[in-house]
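Hi,

Here is the structure I said I would pass along. Have a look at it first, and my notes follow underneath.

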Amino acid sequence: MADEFARIAAIAAALGDRAEGLGDDCAVLDGWVLTVDACVEGVHFPPRALDGAMLEDVGYRATVAAASDVLAMGAAPSAILSAWTLPDWLDDDGIARIARGQREACTALAAKIVGGNLSRGPALSLTTTVLGRAAHPVPRSGARPGERVLVFGALGEAALGLRALSLGSTHRCLDVFKRPPVLLAEAATLAAHATAMIDVSDGLGQDVGHLAAASRVRVELDASALLARVLTDTRALAATLGADLEQAVLAGGEDYALVATWPHDVAVPAGASVIGVCREGEGVFVRTADGALRAAPLGHRHGAGP
Ligand SMILES: [Mg+2]
């Protein structure tokens, strides 16, 4: 069965000359950036959202996850459309709780929901379309050899938090999964000088791989710099779970951190970390503490078949 990227290629081939500009975080049309993102029960959040306990979080996450692609273009989200598929188990109270989560996310994003659609279906899903404005959208394709790679936001925490959920834990990392950070100001800071940008939804290695491929550069990530950013309680959780911390940082998804490539003559913004460098070549590699280079692990691939 084809994976997500092969499927996108097959769809693009079938669309032929009726497809244009596929392959960035958002479409760009006359200064508008547009994206659409589906959040599906049993795929992106637990069935019945943990007997209703996570329904506000479902509304929040669906909105922030979709808006993250707009932020990754250096744009400010403004208008949102929300299409719901409602299963029989979801009652009116549950619907209101999801909407309250969307409201909180929209407040954090300074955006408004301006329309949508309701349908019935076998599983709860929220499909969120986000429109934003950018004077100069930042693509994935602008990185050049010699530039540094910066990150804003945590890496690996959401994936570890989701694993903690299965143990019944209430660790802070679970809150990161439920309520991903809204990096609105950080995106604007990066957009001022970033040559390329992407958000980390599927895992750092995979998403930086998209940036590297679009920019035709090789990215070398620094394992020491990545691990130095990990908070003490996250290390403790990884140890409790028996999880490989470096693997969680490099391949854990759903963090919605922002990664940008940065000119060598511009100061690194406060709060951002340098985690790597662009070189001539292709692919994403990790330089380990002993100086060795190895290929970065791929993260989650949506739509990957068995
Ligand atoms: Mg993205």
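**The second largest pocket and the overall fold**

Helix H8, which covers residues 204-215, gives the most to the lining of the second largest pocket, putting in 6 residues. Before you read too much into that, keep in mind that this is a predicted model.

The second largest pocket has a volume of about 270 Å³. It is lined by 14 residues, and the ones closest to its centre are Phe 5, Gln 206, Gly 209, His 210 and Ala 213. If you sort the lining of this pocket by type, you get 7 nonpolar, 5 polar and 2 charged residues.

Now for the chain as a whole. How many helices and strands does the protein chain have? There are 11 helices and 12 strands. Measuring along the principal axes, you would need a box of roughly 55 × 50 × 40 Å to hold the C-alpha atoms. The radius of gyration is 19 Å, which agrees with a compact globule, because a globule of 306 residues would come out near 19 Å.

On to contacts and surface. Taking contacts between residues at least 6 apart in sequence, 85% join residues at least 24 apart. Buried residues, meaning those under 20% relative accessible area, make up 48% of the 306 in the chain. As for the outside, the accessible surface comes to about 13,800 Å², and carbon and sulfur atoms account for 56% of that.

If you open the model, residues 204-215 are a handy place to begin, since that is helix H8.

Cheers

Notes: Residues numbered from 1 in each chain as written. Predicted model: local features only at pLDDT ≥ 70, side-chain atom pairs only at ≥ 80, totals over all residues. Heavy atoms only, no water. 1 Å grid on protein atoms, 1.4 Å probe; cavity = no way out; pocket = protein on both sides within 12 Å on 5 of 7 lines; lining within 4 Å. Points joined across faces, edges and corners; volume = space filled by probe spheres on them. Helix = DSSP H or I, 4+ residues; strand = E, 2+ residues; numbered from the N terminus. Nonpolar A, V, L, I, M, F, W, Y, C, P; charged D, E, K, R; others polar. Rg over C-alpha atoms; globule rule 2.2 N^0.38 Å. Buried < 20%, exposed > 50% of the residue type's maximum accessible area, 1.4 Å probe, protein only. Contact = heavy atoms within 4.5 Å. Areas by Shrake-Rupley, 256 points an atom, 1.4 Å probe, with all protein chains shown as cover.
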